[in-house]
Amino acid sequence: MSASDEGAAGQGAGPAGGIAVVPAARRRGGEPRRPAALGNAARWLWPAAFALAGIVLFLVYLRLSNTYPENSDQANLGLQAWDMLHGNLLLHGWVLSDVSFYTTELPQYMLLELILGLHTGTFHVAAAMTYTLVVLLAALLAKGKATGREAVVRTMVAGGIMLAPQLGFGVFVLLLTVGHIGTSVPLLLTWLVLDRWRSRWYVAAVIGILLAWGAVADSLVLAVGAVPLALVCGFRVIQGLFSAAGTDGGPSARLSRVLRSRWYELCLAGAAVAAAGASWAVTRLIRALGGYAVHPVTFQIEPVRQWVANIPATWHGVLLLFGADYVGAKPGSGLDFALLHLVGVALVGCALLLVVLRFFTRVSLTDQVLAVAIVINVVLYLISNMPSLNPHELAVVLPCGAALAGRMLAGRARASVHTGPVRRGVPSGPVRAALGGLGGLVLAGYLLGLAHEATRPPVPADKADLTSWLAAHHLTSGLGGYWEGSIVTVESGGSVKVRALMQFTLQADMWEAKGSWYDPRSQRANFVVFDSLPGFRRHWEPYSLVRKYFGVPARTYRFGPYTVMVWDKNLLASIPAGWQI
């Protein structure tokens with residue numbers, strides 16, 4: 001007999017066969033009722049804990065963000081938001097990347113620039129704010145409707161997995177890169193609504209609106225949000241049809257019963273499809289009104305033979321996300337912390353396995369959607385050209401995986417210890433204590449790693465030395481590569497403007513750029529910056545093309561890895577005609 005059954009029996013049969021009198025101080029099931037004051041305090045405990053955690057995490061991640069230099073990616077986003085703040089709300093004349101960020105990061109940047117102004121420090125604040133939100137939302141999703149000890153364990157598992165991004169490229173991918181970690185915010189909000197709100201038609205409508213909101217900014221939301229939701233809901237409807245196959249009535253009656261019982265899943269699937277259509281319509285409307293254009297998504301499916309070759313790069317991308325990149329870690333504390341973070345990877349792997357094993361029986365709709373979203377994201381990354389680009393394409397796997405681990409593993413532990421059968425000779429108390437102690441040690445290691453990383457000295461923004469040199473030599477308008485472009489413009493407060501050219505054609509580089517920057521009737525450029533250092537965000541030396549289109553410079557300067565050629569004319573008039581989107 002369950003606890004609820006025992007409570008009902010106690011109410012129905014008293015000593016004289018009548019109704020038993022249940023003391024007011026006790027709940028159904030025999031648990032003591034909390035005093036009202038304690039109940040009110042407990043009600044505010046979780047919001048207060050999340051608020052405090054948010055403040056602390058924001059300050060730590062702000063410090064951590066400053067250990068990696070800002071670059072032209074963030075600067076271009078900042079310039080777009082600045083243009084919107086000054087009236088260009090539809091970003092007329094802008095050509096963005098293959099992700100617009102129009103409804104996610106850009107409003108955030110606008111708000112911060114309104115308060116803090118346009119400078120690289122604002123971008124660090126935005127990065128810390130975004131990652132703090134993602135960690136808190138993942139922990140909140142992991143908590144679900146659980147209470148008490150289980151709620152604490154769920155929250156700690158999810159938050160712990162995401163707690164400490166790996167120093168270096170891990171910080172870049174999760175905090176600074178203008179990529180998909182910000183996309184996790186609308187996705188996690190969507191899954192929170194799915195998990196917490198009751199089954200109502202208007203809840204499905206809200207979920208559709210949230211998915212459309214995210215998809216306008218990033219089409220990845222369709223692949224890891226709308227598609228998993230539609231697939232899982234479709235599966236649950238089909239599962240209902242199979243379950244009803246042996247019941248009474250004809251096929252039409254059985255179908256009618258299934259559709260009535262699965263109406264919410266049908267509404268959710270419809271909302272997912274509608275979100276795709278709505279995001280497409282909004283994007284086309286903005287373009288028709290003269291707003292921004294976007295580049296086509298560079299995603300493409302690779303030949304099957306390439307899929308096996310992509311496995312190491314995919315695994316490496318996952319390790320970077322979870323702070324467990326032992327391949328690139330230096331011996332010492334960096335390698336130790338990376339190996340410790342493998343625990344997070346293992347926890348998410350175990351959670352996914354549990355969902356697979358219980359997919360047809362005891363898994364909630366939210367758990368199913370999270371698992372399918374993770375699998376779709378990893379598979380699409382594996383079979384495509386994405387491993388050759390950047391692991392930020394996998395970014396949403398981290399918060400979704402962390403939330404799923406908290407939901408599945410904490411619930412599993414609670415079932416086996418408290419209500420399920422326990423193996424003979426293995427007392428539940430010692431097992432629970434051992435697991436708690438082990439988890440505490442791992443979490444302490446994560447905290448130690450985070451503290452170690454946050455104590456690293458801050459670094460200046462990318463090209464800070466170049467910015468200072470150009471300003472000191474009164475060179476205020478010029479041309480260069482993408483990575484020499486907008487970061488110099490923002491760093492100098494607009495007193496030095498460098499616009500990007502494509503290295504192999506010398507055309508205007510219309511990636512996160514505004515067409516009017518290259519108009520010789522209103523703008524001017526009289527120098528070109530070259531960078532001789534190899535590597536990411538460095539090398540740009542199209543000397544032959546520069547001489548072909550611009551001729552012999554009047555003066556040439558060399559400063560560190562940079563070469564600066566200066567002309568006594570407006571170079572914008574000599575730029576070759578560019579490709580138009």
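Student: About how much area does the chain expose, and what share of it do carbon and sulfur atoms supply?
Tutor: The chain exposes about 27,300 Å², an area from the Shrake-Rupley method with a 1.4 Å probe, where for residues only the protein chains shown count as cover. Keep in mind that this is a predicted model, in which local features need pLDDT of at least 70 and side-chain atom pairs count only at pLDDT 80 or more, while totals for chains, interfaces and linings use all residues. Residues are numbered from 1 along each chain as its sequence is written, and side-chain values use heavy atoms, with hydrogens and water left out. Of the exposed area, carbon and sulfur atoms supply 66%.

Student: What percentage of the residues is buried?
Tutor: Let's fix the term: buried means under 20% relative accessible area, exposed means over 50%, and partly exposed is in between, with a 1.4 Å probe and protein chains only. The chain has 581 residues, and the buried part of them is 49%.

Student: How many helices and strands are there?
Tutor: Helices (H or I, at least four residues) and strands (E, at least two) are DSSP runs, numbered from the N terminus. Counted in this way, the chain holds 21 helices and 8 strands.

Student: Among contacts between residues at least 6 apart in sequence, what percentage joins residues at least 24 apart?
Tutor: A contact here means heavy atoms within 4.5 Å. With that cut-off, the part that joins residues at least 24 apart is 73%.

Student: Which element gives the largest share of the nonpolar patch on the surface?
Tutor: The patch is formed by Trp82, Leu85, Leu111, Leu114, Ile115 and Leu116, with about 570 Å² of accessible area together. Patch residues have over 30% relative accessible area and no salt bridge; like charges are joined within 9 Å, and nonpolar side chains (Val, Leu, Ile, Met, Phe, Trp, Tyr) within 5 Å. Trp82 belongs to helix H3 and is partly exposed, because its relative accessibility is 32%. The largest share, 4 residues, comes from H4.

Student: H3 lies across E1 and E5, so at what angle does it run to E1?
Tutor: Angles run from 0 to 180 degrees between N-to-C directions, and axes are lines fitted to C-alpha atoms, for helices over the stretch in contact. For H3 and E1, the angle is about 140°.

Student: Which strands stand at the edges of the open sheet, and why is one side of each left without a neighbour?
Tutor: The sheet has 3 strands in the order E2-E1-E5, with mixed pairing, where two strands pair if DSSP finds at least two bridges between them. E1 (residues 94-96) and E5 are antiparallel and share 2 bridges, and Val95 has Ala513 of E5 as its bridge partner. Each edge strand has a single partner strand, so one side has no neighbour in the sheet; the edge strands are E2 (293-294) and E5 (513-514).

Student: How many salt bridges does a search of the whole structure find?
Tutor: A salt bridge is a side-chain nitrogen of Lys or Arg within 4 Å of a carboxyl oxygen of Asp or Glu. Some of them are linked in a network of Asp195, Asp367 and Arg407. The search of the whole structure gives 10.

Student: How many residues apart in sequence are the parts that Arg236 and Glu265 tie together?
Tutor: The two side chains meet in a salt bridge at 3.2 Å, N to O. Arg236 is buried, because its relative accessible area is 16%, and Glu265 is buried at 8%. As Arg236 lies in helix H10 (residues 220-243) and Glu265 in helix H12 (residues 263-288), the parts are apart in sequence by 29 residues.

Student: With which other residue does Glu265 form a salt bridge, its closest N and O atoms being 3.2 Å apart?
Tutor: This partner is partly exposed, because its relative accessibility is 22%. The residue is Arg262.

Student: Is Glu484 buried or exposed?
Tutor: Glu484 meets Lys463 in a salt bridge at 3.4 Å, N to O. Lys463 has a relative accessible area of 2% and therefore counts as buried. The relative accessibility of Glu484 is 1%, so Glu484 is buried.

Student: Which residues does Ser184 touch, not counting those up to four places away in sequence?
Tutor: Ser184 sits in helix H8 (residues 184-196), and it is buried because its relative accessibility is 2%. The residues touched are Val134, Val396 and Pro399.
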